[in-house]
Each structure stands twice: as C-alpha cells, then as structure tokens.
Amino acid sequence: MGTMIQRLVYWLSEHPAIIKFRWSPTQSWGSTWSFLLTSMAFYLTLSLVLHLILVLFRRRRPVPLGPIPAVYSLSMALISAVIFTGTLFSAAAEIRDTRWFWRRSKTPLQWLLCFPLGTRPSGRAFFWSYAYYLSRFLHMFRTYFTILEHRKLGLLNIFNNLMLLCMSFLWLEFSQSFQLVEIMLATLVYSVVYGYKFWTAIGLPSTCFPFVLSCQMVFLGSNVLCHAGVLLLHLRKGGCNGIGAWIFNSVLNAAILLLFVNSFVRKMHLRRRQVEDDDSVLHSCSASKQTKVENKIKDKNL
C-alpha cells in the first residue's frame with residue numbers, strides 16, 4: 001500500500017514533466033490569446049448552429065445518443081478526480097519546497113490563497129492548473145449533449161463555460177493567487193456530480209433531493225468565503241500575486257453567481273406552481289367524484 005501511494009505521488013507531483021512545466025506560447029498548447037478567443041467563438045457558434053439546425057428541421061424528439069452521455073460522465077468524473085489528487089499532492093510538494101522563502105510571513109493556507117509577489121507560472125502547481133484549463137474544453141461537450149437530448153440552448157450553461165475557460169486561462173497567464181484552492185474545490189465537486197450523473201445514467205436510483213443543485217450551492221458558498229480570504233490577505237500581507245486578474249475573476253464569479261441564483265429562484269417558483277396546479281387538479285377530481293357519488297345516491301333514493 002505504501003509503495004502504491006509513493007508511485008502515485010511520483011506520477012502526480014514528482015515526475016520531471018510536471019516539475020519542469022512552464023506556461024509559455026512555445027511550450028504549452030493553447031496558451032495564446034488568439035487561441036482562447038478563437039476557441040470561445042467556435043464554441044458559441046457551434047452551439048448556436050446546432051440548435052438552429054434542430055429548429056429548422058423541426059425535430060421534436062431528442063436525438064438518441066445511446067451510452068455516450070454515461071461514458072462521458074464517467075470519464076469526466078475520473079479526469080476531475082485525477083486533477084484534484086494531482087493538485088493536492090503538488091500543492092503539498094510546493095509548500096514543502098518553497099516554505100523557507102515565505103514561512104515568516106505566511107502559513108500554508110495563506111500561501112494557497114495568496115501567492116507571493118513575483119510568482120511565475122511554472123512547476124507542479126501550474127502543471128495541474130494547465131490540466132484544468134485543458135479540461136474546460138471537455139466540459140463544453142455537455143452543452144452539445146443538452147442541445148441534442150433536450151433541444152434546449154442553455155444560455156446560462158454556455159455563459160458559465162465561456163467564463164470558466166477565460167478564468168482558467170487568466171490563472172496561468174498572470175499566476176493568479178487562489179487558483180489552487182478553486183481548482184481543488186471545482187474538481188472535487190465535478191468528480192462527485194459527474195459520478196452521480198453516471199450513476200443515474202445507467203439506471204440506478206437518484207436521490208430524493210436536488211443533489212447536483214446542492215453540490216453547486218456548496219461550491220459557490222465556499223468560493224465566496226475564499227474570495228473574501230484573498231482580499232483580506234492582500235490588504236494585510238503586502239499584496240498577492242496576480243491581483244488584477246483576481247479582481248476580473250471576482251467580477252465574473254459574481255455574474256455567474258447572480259445568474260445561478262436567478263435560475264434557482266425561477267426553478268423553485270415553477271416547481272411551486274406545478275405543485276399548486278397538481279393540488280388543484282387533485283382537489284377538483286376529488287370534488288367531481290364526490291358529486292358523482294352524491295348524484296348516484298339521489299338517483300337510488302328516487
């Protein structure tokens with residue numbers, strides 16, 4: 001067991017390719033602004049075209065995808081779990097190797113939230129940040145599945161994917177503080193949520209409460225607390241690296257949070273109205289049945 005853990009630590013945090021990683025246009029695929037903007041435009045265009053095709057052909061039934069969504073959910077759960085584990089091991093290794101430089105001014109938790117000024121996007125931690133950035137392109141396929149299966153153009157989902165792709169790029173471009181904590185929070189939630197989606201996709205029973213929504217609420221709440229911690233450390237500890245990108249990141253997170261809360265309130269309102277309509281239908285049915293019974297009794301008496 002110990003040997004297996006040592007091998008896992010080596011492959012996820014001590015491998016030369018991980019230690020020598022460097023974010024640069026010549027060494028990292030997809031590390032230019034032109035690539036980012038082109039990818040975002042292509043994703044948005046393809047989503048709109050796919051939705052438009054289904055509308056023009058007036059296809060009312062969902063497009064059968066077979067086991068593809070289940071396989072996709074399982075793959076994303078495993079990928080997210082690997083990124084979470086690699087980020088955790090790499091963060092521990094970076095703290096161990098660089099603590100001599102900042103130990104007088106920060107604790108390990110403070111280092112995770114607030115990188116020292118002058119931090120460069122290289123090494124273990126940024127390798128997994130790069131892996132998370134690449135995984136954002138895989139998350140986009142979920143939009144296409146939604147359009148094909150439900151014939152819905154989820155604008156909130158599209159906006160969320162675009163903003164998260166942009167934020168993950170900024171993390172690397174500006175060596176932004178707080179990114180490791182957000183990556184671990186996000187990948188932990190993704191591994192659980194996609195595992196649950198795979199569970200239900202293969203026909204196993206679902207929970208009696210909105211499981212995915214609950215996970216999203218926990219993630220957003222934790223995210224807000226961590227952002228408050230970054231701001232406090234920046235003001236009290238002499239500055240955090242990449243604070244400009246962090247401010248832009250905070251604005252995007254606030255926009256996503258507002259859209260999510262608005263969507264959540266609308267869904268709860270629609271669900272409440274549906275329950276009220278069902279209750280009114282049941283009440284009217286029971287009333288009509290009672291009337292019929294009373295009429296039969298009157299007929300017998302006559």
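Angles under 35 degrees count as roughly parallel, over 145 as roughly antiparallel, 65 to 115 as roughly perpendicular, and anything else as oblique. Keep that handy for Exercise 4.

This is a predicted model, where local features need pLDDT of at least 70, side-chain atom pairs count only at pLDDT 80 or more, and totals for chains, interfaces and linings use all residues. Residues are numbered from 1 along each chain as its sequence is written, and side-chain values use heavy atoms, with hydrogens and water left out.

**Exercise 1. Get an overview of the chain.**

Start with the elements: the chain has 11 helices and 0 strands. Here, helices (H or I, at least four residues) and strands (E, at least two) are DSSP runs, numbered from the N terminus.

Next, look at burial, meaning under 20% relative accessible area, with exposed over 50% and partly exposed in between (1.4 Å probe, protein chains only). By that rule, 38% of the 302 residues are buried.

Now check the outside: the chain exposes about 18200 Å², and carbon and sulfur atoms supply 67% of that. Those areas come from the Shrake-Rupley method with a 1.4 Å probe; for residues, only the protein chains shown count as cover.

Finish with contacts, meaning heavy atoms within 4.5 Å. Among contacts with a separation of 6 or more, 81% are between residues 24 or more positions apart.

**Exercise 2. Explore the loop between H8 and H9.**

Which residues does Gln 176 touch, leaving aside those up to four places away in sequence?

First, find the spot: Gln 176 sits in the loop between helix H8 (155-173) and helix H9 (179-201). Its relative accessibility is 0%, so Gln 176 counts as buried. The residues touched are Phe 115, Leu 170, Trp 171, Asn 241, Gly 242, Ala 245, Trp 246 and Asn 249.

Then turn to the backbone. Most residues other than glycine have a negative phi. Ser 175 isn't a glycine, yet its phi is positive, about 50°. Phe 178 also has a positive phi, near 80°, in a residue other than glycine. Ser 175 is in the loop between H8 and H9, and so is Phe 178. Both burial checks come out clearly: Ser 175 is buried at 2% relative accessible area, while Phe 178 is buried at 0%.

**Exercise 3. Trace the disulfide.**

Which cysteines does the disulfide join?

Count first: there is 1 disulfide, that is, a pair of cysteine sulfur atoms within 2.5 Å. Cys 114 is joined to Cys 240, with an S to S distance of 1.9 Å. Cys 114 lies in the loop between helix H5 (108-113) and helix H6 (124-139), and Cys 240 in the loop between helix H10 (211-236) and helix H11 (243-301), so the pair ties together parts that are 126 residues apart in sequence.

For the twist, the angle about the S-S bond is -110°, making the link left-handed. Both Cys 114 and Cys 240 are buried.

**Exercise 4. Work out how H6 and H8 are arranged.**

Take the axes, which are lines fitted to C-alpha atoms, for helices over the stretch in contact, with angles from 0 to 180 degrees between N-to-C directions. The axes of H6 and H8 come within 9 Å and cross at roughly 160°. H6 and H8 are therefore roughly antiparallel to each other.

Last, find who does the touching: residues in the contact include Phe 126, Tyr 130 and Tyr 133 of H6, and Leu 164, Leu 165 and Phe 169 of H8.
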